[in-house]
Amino acid sequence: MGGGIAELVAANDIPVILKDIDEEALDVGLRHASELLRKAGKRGIIPPAEVGLKFALVHGTLTYERFDEVDVVIEAVIERLPVKRNVLREAEEMLPVHAIFATNTSSLSVTELGKAAARPERVVGLHFFNPVHRMPLVEIIRTESSSDTTLATAFKLAGQLGKTPVLVADRPGFIVNRLLAPYLNEVGFLLEDGADVAGIDRALTSFGMPMGPCRLLDEVGFDVAEHVAKEMARAFGDRMRPSAALDTLANLGRLGRKNSRGFYTYSDREQRVDREVGRAFRGARAAVHPEEIVDRCLLLAVNEALYALAEGVVAGAGDVDLAMVLGTGFPPFRGGLMAWAEMRGSRAVRDRLLELRQRHGDRFAPAPGLERLAESDGSFTSGRP
């Protein structure tokens, strides 16, 4: 992520310092930034003659030299709060008083991180999505102390980097990962109920998603997905309770694409479902209709969006749709997650969730906001539920 963010900044003609604590790690980041710039030059995204000039804007270092010159620090270290707090304290000692400290965390509380700051009003979340050079969305996370100047600066920087920002409250998962969590978690329950990997992914790609949830889990990594699922369950209770399926796969030594052992094999150009995965869930094999697969995955995301809107995580349904289209690839021709729900109608969505609850458990219980919406035959997309 660090190398990707550095490349993005340099590609937009802004000088950037890339700092690490280890020479080998720093070299990896610099090589990644260089490779991304070189590929952009080959594709004509950047004039080939400018590739070297842009890479010259990236300065690698193992110290805090020249940090007294910077306006914004973007931290992208390991997802451990104590480590991030140490980085914040160290950097803040060297920064000018006007500088902003932004964290790229995807799972930790930005407010808790900001409590370690001497100037908490200058701390903000700036959550890029992977791969940085391709994903157009940036979540800007406002802490309890973030000043309007800090937020305005974050928005301006996102625009200069060619990204679309969405303002998000500091709640677990922010908005994109919070809605993705039940969507991906349902994969395990579908497998337990007899659905097969290819059928799950085919149902969602036919709906219009750029890749199926099993393929996405391979990209995320089973270890990361398991950690996130447990954190979300800790924050939101039984409706985010993870299935045992990811544990089963992790116990088979599978991490996803990172060790070439996920739902799919990656040993050749053709991606095929790994036979061992099929055997792990063979006992429950039964047909699950594609329409049910789509409903079980995506209506959970709609329902969670109602909870998030009631908490003020984003300003309205339009921000949910923007974040899901740009952050997950939700099919734009469907207008976004809430626009898709609007086409089905609030009563129909509520009734379908009640039906799924009766068959599959309380994780499908309609959110209070959805219940109110259905009773008044209200709209998903006009105003806040």
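In this predicted model, the axes of helix α13 (residues 290–310) and helix α17 (residues 368–375) come within 7 Å of each other. They cross at roughly 100°. The two helices are therefore roughly perpendicular, since angles of 65 to 115 degrees fall in that class. On the α13 side, the contact is made by Asn303, Leu306 and Tyr307. On the α17 side, Pro368, Gly369, Leu370 and Leu373 take part. By class, five of the residues in this contact are nonpolar and two are polar. None is charged. Beyond helix α17, in the segment that follows, lies Asp377. Its phi is positive, near 50°, and Asp377 is not a glycine. Most residues other than glycine have a negative phi.

Asp13 also has a positive phi, near 65°. Asp13 sits in the loop between α1 and β1. Its side chain forms a salt bridge with Lys54, with the closest N and O atoms 2.6 Å apart. Lys54 belongs to helix α3 (residues 51–55), so the pair ties together parts of the chain that are 41 residues apart in sequence. The two partners sit in contrasting surroundings. Lys54 is buried, at 5% relative accessible area. Asp13 is exposed, at 53%.

In total, the model contains 31 salt bridges. A second pair joins Lys258 and Asp223, at 3.1 Å from N to O. This pair, too, links distant parts of the chain. Lys258 lies in the loop between α11 (245–251) and β8 (264–265), while Asp223 lies in helix α10 (residues 222–236). The separation in sequence is 35 residues. Lys258 is partly exposed, with a relative accessibility of 49%. Asp223 is also partly exposed, at 32%.

A third salt bridge lies within one helix. Arg359 and Glu355 meet at 3.6 Å, N to O. Both belong to helix α16 (residues 346–360), where they are four residues apart and thus separated by about one helical turn. An α-helix has 3.6 residues a turn, so residues three or four places apart point the same way. Arg359 is partly exposed, at 44% relative accessible area. Glu355 is partly exposed as well, at 37%. Arg359 and Glu355 are also members of a network of salt bridges. Its acidic members are Glu186, Asp193, Glu292, Asp295 and Glu355. Arg296, Arg344, Arg352, Arg359 and Arg363 are linked with them in this network.

Helix α14 (residues 317–328) has 12 residues. At 1.5 Å a residue, it should span 16 Å. Its end C-alpha atoms are 16 Å apart, which agrees with that expectation. The helix is mostly covered, with nine of its 12 residues buried. Towards the start of the helix, the buried residues include Ala317, Val320 and Asp321. Ala323, Met324, Val325, Leu326, Gly327 and Thr328 are buried too. Several elements contribute to the cover over these residues. Among them are strands β6 (137–142) and β7 (164–169). Helices α7 (176–192), α13 and α15 (337–344) also take part. After α14 comes Gly329, whose phi is positive, near 80°.

Helix α7, part of the cover over α14, also holds Val187. Val187 is buried, with a relative accessible area of 1%. Leaving aside residues up to four places away in sequence, Val187 touches Ile200, Pro213, Cys214, Leu217 and Phe263. One of these contacts spans a stretch of the chain: Val187 and Pro213 are 26 residues apart in sequence. In space, their C-alpha atoms are 7.0 Å apart.

One further backbone feature concerns a proline. Asn130 and Pro131 are joined by a cis peptide bond, with omega at about 0°. Most peptide bonds are trans. Pro131 is placed in the loop between β5 (123–128) and β6. Strand β6 is, in turn, among the elements that cover the buried residues of α14.

Technical notes:
Residues are numbered from 1 along each chain as its sequence is written. This is a predicted model: local features need pLDDT of at least 70, side-chain atom pairs count only at pLDDT 80 or more; totals for chains, interfaces and linings use all residues. Side-chain values use heavy atoms; hydrogens and water are left out. Axes are lines fitted to C-alpha atoms, for helices over the stretch in contact, and angles run from 0 to 180 degrees between N-to-C directions. Angles under 35 degrees count as roughly parallel, over 145 as roughly antiparallel, 65 to 115 as roughly perpendicular and the rest as oblique. Contact means heavy atoms within 4.5 Å. Ala, Val, Leu, Ile, Met, Phe, Trp, Tyr, Cys and Pro count as nonpolar, Asp, Glu, Lys and Arg as charged, and the others, Gly among them, as polar. A salt bridge is a side-chain nitrogen of Lys or Arg within 4 Å of a carboxyl oxygen of Asp or Glu. Buried means under 20% relative accessible area, exposed over 50%, partly exposed in between (1.4 Å probe, protein chains only). The expected span of a helix is 1.5 Å times one less than its number of residues.
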